[in-house]
Structure formats: structure tokens, C-alpha cells
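Please open the model in a viewer and keep a selection tool at hand. The stops below proceed from one selection to the next.

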Amino acid sequence: MNSEEKATIEDNSRPAPIRDWILPLARAGWIAATLLTLGLDVIGIPFAYAKQVAICISPACDPDALTPDKVQALQSAGLSAGFWASYETAISVVTTLVYVSVAAVIFLRKSPTTASSTTGAYQTQRMALFTAFMLVTFGGAAFTGTMQAIPDFHPGMRLPVYLLDVAGQVSFYTFFCLFPNGRFVPRWTRWVCLIWAVVWLMRLFPALDAIAHDLTDGLPFLAFLATLVVAQVYRYRRVSDPVQRQQTKWVVFGFSLGLVGFASVLVIGNTLLYNLQSDPVVELVGGTFIYIFLLIIPISIGVAILRSRLYDIDVIINRALVYGSLTGMLALVYLGSVVLLQGSLAGVTGQGHNDLAIVVSTLAIAALFMPLRRRIQSVIDRRFYRRKYDATRTLANFSQAVRDEV
């Protein structure tokens, strides 16, 4: 047991000092930040709509902006530029509401008005409040908040909007250095978080904005993300107790599912739907799915903080690994067999498209489904759930021995 593990155990059992004034102050701060964020987002709705409905005729238009070609394509589909702007604004508003709703549930259920008698319980309360603050500022200001459009029309509102943006970006990074017990583990992560905060504060000053932008993009940004991964792996393996490990699994699962869904939409759009990328209707549908997948992240964080049915996550992860791998493999086999069979039959029948290739490929997929599923399940159990796998094998061997004896 290293020093950080001993410090965690001692801190969780040691009586907490008198902190009765801190939690009410933190609760008041969360309420003020939430009201300010929601207020600016409400004010920003008409500005976000106006920004979305504006038609860009410049050669260097934003990829998400409306262009004359997009407007013409929308009209061909029976839609208007107003519908486009309303839909995009509505997605932003709904996303913000989801983040704020999860934060409100955490705030109401996990932040009592008085401090607990032990340091461990107090840290749990503090972590819940910080998570609620992170969800509000990140979801309502840094990620999709409509307030981002206000400075384009009223430059004088730049400072409060950017301050909330910085608060969301910094708290989002700091959350992963503190989660799940509210302590910086390893201890050097506090200095990384401080550097990250300084870099984002630099973006408040126009003279330093270009430098800060370079530090929050590309390789420096990937280096910051790598520190998060290292910190969470170290915490999971060396410091976290069983409940905290289940909390970590929920958050990691939510992020993985959200990012895999996000990447899948991009891959499908860039490959299978490459010829339809310029279609704004396809862009709306793809954007909707991207937001749906990314909303899994705050929901998983909420479940982890509320500790609701944490131990069911092992079953969910197991099934997701099995059926996700199975789907990917069957899709590759199906596409490969269709291409090969159609190429082979084309030389015989003289037709480029042959329904027989599709029928044979479908029957092959049906025949492979169960054997491949059992094989993947065995590999995943042996690799990730070794104790369960060993127990199952022991039970099977014992059952076989009993049958032989009888």
C-alpha cells in the first residue's frame, strides 16, 4: 500500500473539520451560476437563430453556415432556411436543458445543506457540487450554449460569455482529475489543471488568444488528454475502492459509447453517404444523431455520481463489447462476401449486380451468428472477466465430473 492509498483511507475515516459555512456558500454559487447561464442562453436564442438563418456568400464560409446552394437544396426538399435555423437552435437548447437537468438532479440529491462528519463523506458532497457546476457551465456555455452567438451582435457581452466558457472548459478537464472522490490523484494533476486554467484564461485577452488557441489544439491538447487517461488508470488500479471503480466504469462507458457513436456517424457520412454530404437534410439527420450520442456522456456522469444501480454496468459493458464486436465482424464479412461473390458471378452471368450474392451472404451471416457470438463471448470473458470465466470453467468441470461419476 503506497502513501496515496494510505492517505485516502485516513482521510475517509478522519472526522471532518467544521465546514458548515462552505457548503451553503457553494450551493448559493451553483444557483447563481445556473441562473446566469440559463439567463444568457435564453437571451441568446434569437441571436443564435439569426446567426443560423444568415446566408453566407463569402468563399471562406463556416462549414455549418447556410450557403445559397444549401438553401436551394432545402427548398428542393420542401424546407426553408427558417426551418434549418429553428432546428439547429432547438438542438442546442435541448442539449443545454439535458445538461442542466442532470446537474439539478445531482444538486438536489447529493448536496445536503450541512457538512458530513467525516472527510470522505464531505468530499463526496463537494464532488457532487463541483460536478453539477461543471455540467451547467460546460453544457450551457462551452459546448452548445446559445449564448455563444451574443458577442457577434453585442461585443460588450463578450466578457461574461467568455468567462462562463472558460469556466466550463476548465471545470470539464478538472472533473476528470478529481473524479470520483474529489481529490487530485496523482497529486501532480493539480498542477496540470492549473496550467490548463491559465491557458484558457489567456483566451480572454485578444493579444494572447492566438497563443492560447495553439495550446488548446493539436498535439498540446492531446497531451492534456493523455494526462487524464494516465490519472484515471492510476486512480482506478491503485486508489479507488470497489464503489468508486464502478463509478469510473459508468463514466468511461458513457464516454466510450458517445465517442464511438460520434465517430460512427462521421465514418458513415464520409464513406457510405459521401455523395450526399452536401445534402442539408442528411446533415441535419447526422447532426441529430451526433448530439444524441454525445448526450450519453452527461447521463452516464449523473448515474455515476448518484450511484444508481452501479453494479449493473458490468452486464451492460459485457453485452456492449460482445454485440458491438459481433456487429462489426458480421458487417465486414457481409460486405466482403457480397463484393467477392458479385465479382465471381459477374464473369459467369455477365451481370454486375446479382441477387444470388446477397442471398448467399445473408445465409452465411445467419449461420455465423451464434458460433461467432459464443466465440467472442468466450474471448471477452477470458480477457476482461477472468474471475467469472474461471468460475464458470470450474463449475462446468465439476458438473462433468459429477455426471461421469453417476
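A residue counts as buried when its relative accessible area is under 20%. By that criterion, helix α13 (residues 296–306) is mostly covered, with eight of its eleven residues buried. The model under inspection is a predicted one.

**Overall view**

Display the whole protein as a cartoon before selecting any part. The secondary structure consists of 16 helices and zero strands. Of the 406 residues, 39% count as buried. Among contacts with a separation of 6 or more, 75% join residues 24 or more positions apart.

**Helix α13 and its partner α4**

Select residues 296–306, which make up helix α13. The buried positions here are Ile297, Pro298, Ser300, Ile301, Gly302, Ala304, Ile305 and Leu306. Extend the selection to arginine 307, which follows α13 and has a positive phi, near 60 degrees.

Add helix α4 (residues 81–110), whose axis comes within 9 Å of that of α13 and crosses it at roughly 5 degrees. This angle makes α4 roughly parallel to α13. To see the contact, show side chains for Tyr99, Val102, Val105, Ile106, Arg109 and Lys110 on α4, and for Pro298, Gly302, Ile305 and Leu306 on α13. By class, this contact has seven nonpolar, one polar and two charged residues.

**The nonpolar cores**

Which residues touch the most other members of the largest nonpolar core? Select Ile106, Tyr173 and Ile301: they hold that position in a core of 45 residues. Helix α5 (residues 119–143) supplies the largest share of this core, nine residues. Another core, of nine residues, lies apart from it and includes Ala48, Ala141, Val161 and Leu164.

**Helices α7 and α10**

Keep Tyr173 selected and show helix α7 (residues 158–178) together with helix α10 (residues 219–238); the two pack at an angle of about 25 degrees, with their axes 8 Å apart. At that angle, α7 is roughly parallel to α10. On the α7 side the contact is made by Tyr173, Phe176, Cys177 and Leu178, and on the α10 side by Phe224, Thr227, Leu228, Gln232 and Arg235. Sorted by class, these are six nonpolar, two polar and one charged residues.

Now move to threonine 174, also in helix α7. Is this residue buried or exposed? Threonine 174 has a relative accessible area of 10%, and is therefore buried. With neighbours within four places in sequence left aside, threonine 174 is in contact with Phe130, Phe184 and Cys193.

**Aromatic pairs and a cluster**

Colour the aromatic rings next; a search of the whole structure finds 18 aromatic pairs. One of them joins tyrosine 173 and tryptophan 196, and is stacked, at 5.1 Å centre to centre with 25 degrees between the planes. Tyrosine 173 belongs to helix α7 and tryptophan 196 to helix α8 (residues 189–202), so this pair ties together parts that are 23 residues apart in sequence. Both tyrosine 173 and tryptophan 196 are buried.

From tryptophan 196, go on to tryptophan 200. Their ring centres are 6.2 Å apart and their planes stand at 70 degrees, so this pair is edge-to-face. The two tryptophans, 196 and 200, are four residues apart in helix α8, which means a separation of about one helical turn. Tryptophan 200 is buried, as is tryptophan 196.

Then select Tyr99, Phe138, Phe143, Phe172, Phe175, Phe176, Phe179, Phe255 and Tyr291 together, as these form one aromatic cluster.

**Two final positions**

Centre the view on glutamine 244, in helix α11 (residues 242–270). This residue is buried, with a relative accessible area of 8%. Beyond neighbours within four places in sequence, glutamine 244 is in contact with Pro180, Asn181 and Val239.

Finish at valine 53, in helix α2 (residues 22–53). Valine 53 is partly exposed, its relative accessible area being 27%. Draw a C-alpha to C-alpha distance from valine 53 to leucine 66: these residues are 13 apart in sequence and 6.9 Å apart in space. Not counting residues up to four places away in sequence, valine 53 touches Leu66, Ala81, Gly82 and Ala85.

Methods. Residues are numbered from 1 along each chain as its sequence is written. This is a predicted model: local features need pLDDT of at least 70, side-chain atom pairs count only at pLDDT 80 or more; totals for chains, interfaces and linings use all residues. Side-chain values use heavy atoms; hydrogens and water are left out. A nonpolar core is a set of buried Ala, Val, Leu, Ile, Met, Phe, Trp, Tyr and Cys residues joined through side-chain atoms within 4.5 Å. Buried means under 20% relative accessible area, exposed over 50%, partly exposed in between (1.4 Å probe, protein chains only). Axes are lines fitted to C-alpha atoms, for helices over the stretch in contact, and angles run from 0 to 180 degrees between N-to-C directions. Angles under 35 degrees count as roughly parallel, over 145 as roughly antiparallel, 65 to 115 as roughly perpendicular and the rest as oblique. Contact means heavy atoms within 4.5 Å. Ala, Val, Leu, Ile, Met, Phe, Trp, Tyr, Cys and Pro count as nonpolar, Asp, Glu, Lys and Arg as charged, and the others, Gly among them, as polar. Rings of Phe, Tyr and Trp (its six-membered ring) pair if their centres lie within 6.5 Å; planes under 30 degrees apart count as stacked, over 60 as edge-to-face and the rest as tilted.
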